[in-house]
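Reader: I am new to this structure and should be grateful for a close look at its nonpolar interior. Please describe that part in a connected way, together with the elements around it.

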Amino acid sequence: MDWDYDVIIVGGGGAGLAAALMAHKEGARCMIVEADGRLGGATAQSGGVFYACGTSVQRAAGIMDDTPDDLYDYLMTLNQWQLRPDLIRYYADHCGAALEWLIELGSEFPKEWLVKSGVDTVARGHSSQGAGSGIADALINAAGAKGIDTALGSRVEEILFEDGRVVGIRAAGAELRAPTVVITSGGFGNNPEMLRRLYPSACHEGWTWAVHKDVPYVLGDGITLAEKLGAGVVGHDTGLVLPTSGFSKSLEAFLPPWIIAVNKEGRRFMSELSPYSVCGYLLNAQTERKAWAIFDEQALVEASTNTKYLDPYNAGISIPTWEEPTLRAQVAAGRVKVADSLAALADQVGIDGAALAQTVARYNADCDAGGDFQFFKKAPAYFPIRRGPFYAVEIRAAIIGLTAAGLDIDRQARVLDAHQQPIPGLYAAGEVLGCFHGARYGGGGLSIGNAVVFGRLAGTEAARAALAEQVETGVAA
Ligand SMILES: Cc1cc2nc3c(=O)[nH]c(=O)nc-3n(C[C@H](O)[C@H](O)[C@H](O)COP(=O)(O)OP(=O)(O)OC[C@H]3O[C@@H](n4cnc5c(N)ncnc54)[C@H](O)[C@@H]3O)c2cc1C
């Protein structure tokens, strides 16, 4: 058979670029087909944190003993061992090398920017200089330097399948033939229909949006294309959701420390400073999948515009959503509820007033004693809720940080069908996968990590399979 390429890559974000570079290294002729007018995908728009252990950056920061065994145990335990051990082990063993490879390509991860990005005790979140573009640009430049072919503005609409195997793709009406195709089309955060089907717990009518909103083709195409070939879809209803007031599509990531969050039963249910990687799940677990941020006039005036009280992580972050002018405007718009008494406020928003009074009394007593002795929130200062007017802001977990339902792969990144058999010639990596993250996001950097680690694997494996087949059939590469 005449092939145009050895490996065709569907989507030129972090996973696709990593796959292309590794396929090229193996000696394969490869082509990246990208729907958007530019390469980079969500990877380029991201915060650029990469989760890895045993790296030169950690060692430079004095972390000498972080091992793949530790990372493996952490991720597996966090998800109650309901993750794919083979894939997590592969990640643990290869994330360090993947990060060093990015550094060789030109990405920079200053040791001062290492963060504890999960709920583990070791700093494994490697923050890239230039955020996501610092990673994407290094990959794009390397692909350019190697002369890897790319077709931009070409949305793949079909994966060609003949005689029981993948033989190429169709994009913009044209066919390209190759013995292997790697799907690296990213997640589906911008596709409401797919969200309802594969990530229903993130769907809040009128609220939900994805941080991928500026990456137009994060629509789950890779899942749709592979499903037509019988691919299994796994990881139903998993991903990462972040809390929001729903006022606007601006990334909030964490709640302000000077509020309390109460549920319909009038009870607090978490430290309001719980990490972004758990806060959304906790919110979604409440009655009607929502809660209310409660505060009084003094907190609104004193705390909401003062970064000293707003920025518990000293990250220089202010959240405009929670500043006084925005909140006043939202009172006027009717989205923030206000009342002269807590009982009236509880009535207005439909929460248990008697329980709210108890909750607030307990919280106020804690504030007077200088702490939060219920959830041990480590706030820069505690604001009791004492003098009206009192305010309530509805909060929900409705910002999608990533989607984690999608394709299933084996340890060689081959896409599996519904019976766990590899679909010949089809590979996948990155956010299009549904078999990596599990129900509980392990920590910031795991999604770019997934893209680069499994992108590298998929590119290598696809290239080797394509080249081996050509040797067998006597077709020159
Ligand atoms: C604002 C933001 C901040 C984030 N911060 C972090 C972070 O700090 N750390 C972290 O780990 N994760 C972060 N994430 C998530 C992370 O960026 C992504 O999960 C990861 O980069 C996905 O990589 P990918 O290569 O799988 O997909 P992408 O990088 O999204 O690339 C997919 C590409 O496929 C293309 N495509 C889609 N369909 C088709 C088609 N039919 N034909 C051709 N091309 C197609 C898309 O246009 C896109 O370019 C963040 C995401 C966002 C949006």
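Author: The account below begins with the nonpolar core and then turns to aromatic pairs, one strand and several loops.

The model is a predicted one. Its largest nonpolar core comprises 133 residues, and the members that touch the most others are Phe50, Trp258 and Trp322. Among the elements, helix α15, which spans residues 446–473, gives the most to this core, namely 11 residues. The core also draws on two domains, with at least three residues from each: domain 1 (7–238 + 404–473) and domain 2 (241–399). In soluble globular proteins, nonpolar side chains tend to be buried together.

Trp258 merits separate attention. Apart from neighbours within four places in sequence, Trp258 is in contact with Phe295, Ala299, Ala303, Ser304, Tyr309, Leu310, Trp322, Leu327 and Phe383. Trp322, one of these partners, is itself named with Trp258 and Phe50 among the residues that touch the most other core members. There is, in addition, a second and separate core of 19 residues, which includes Val262, Ala346, Val360 and Ala379.

Aromatic rings provide a further view of the interior. Across the whole structure, a search finds nine aromatic pairs. One of them is formed by Tyr91 and Phe436; this pair is tilted, with 5.3 Å centre to centre and 45° between the planes. Tyr91 belongs to helix α5, whereas Phe436 lies in the loop between β19 (422–428) and α15, so the pair ties together parts that are 345 residues apart in sequence. Both Tyr91 and Phe436 are buried. The rings of Trp258 and Phe295 form an edge-to-face pair, because their centres are 5.2 Å apart and their planes stand at 80°. This pair likewise links distant parts of the chain: Trp258 is in the loop between β12 and β13 (260–262), and Phe295 is in strand β14 (residues 291–296), 37 residues apart. Trp258 and Phe295 are both buried. Tyr91 and Phe436 also appear in one aromatic cluster, together with Tyr90 and Phe454.

Strand β1 offers another example of buried side chains. In this strand, residues 7–10, Val7 and Ile9 point one way, Ile8 and Val10 point the other way, and all are buried. Four bridges connect β1 with strand β9 (residues 180–183) in the parallel sense, and Ile183 is the bridge partner of Val10 in β9. Strand β2 (residues 30–33) also runs parallel to β1, joined by four bridges; there the bridge partner of Val10 is Val33. Between β1 and β2 the chain passes through helix α1 (residues 14–25), and this β-α-β crossover is right-handed.

Three loops complete the account. In the loop between α4 (68–78) and α5 (85–105) lies Trp81, whose phi is near 60°, a positive value in a residue other than glycine. Trp81 has a relative accessible area of 48% and is therefore partly exposed. Asp237, located in the loop between β11 (233–234) and β12 (239–244), also has a positive phi, near 65°, and is a residue other than glycine. With a relative accessibility of 28%, Asp237 counts as partly exposed. Finally, Pro389 is found in the loop between α14 (353–368) and β16 (390–403), and the peptide bond leading from Gly388 to Pro389 is cis, with omega near 0°.

Conventions. Residues are numbered from 1 along each chain as its sequence is written. This is a predicted model: local features need pLDDT of at least 70, side-chain atom pairs count only at pLDDT 80 or more; totals for chains, interfaces and linings use all residues. Side-chain values use heavy atoms; hydrogens and water are left out. Buried means under 20% relative accessible area, exposed over 50%, partly exposed in between (1.4 Å probe, protein chains only). Helices (H or I, at least four residues) and strands (E, at least two) are DSSP runs, numbered from the N terminus. Two strands pair if DSSP finds at least two bridges between them. A crossover is right-handed if, with the strands pointing away from the viewer, the path from the first strand over the helix to the second runs clockwise. A nonpolar core is a set of buried Ala, Val, Leu, Ile, Met, Phe, Trp, Tyr and Cys residues joined through side-chain atoms within 4.5 Å. Domain bounds come from an automatic or database domain assignment. Contact means heavy atoms within 4.5 Å. Rings of Phe, Tyr and Trp (its six-membered ring) pair if their centres lie within 6.5 Å; planes under 30 degrees apart count as stacked, over 60 as edge-to-face and the rest as tilted.
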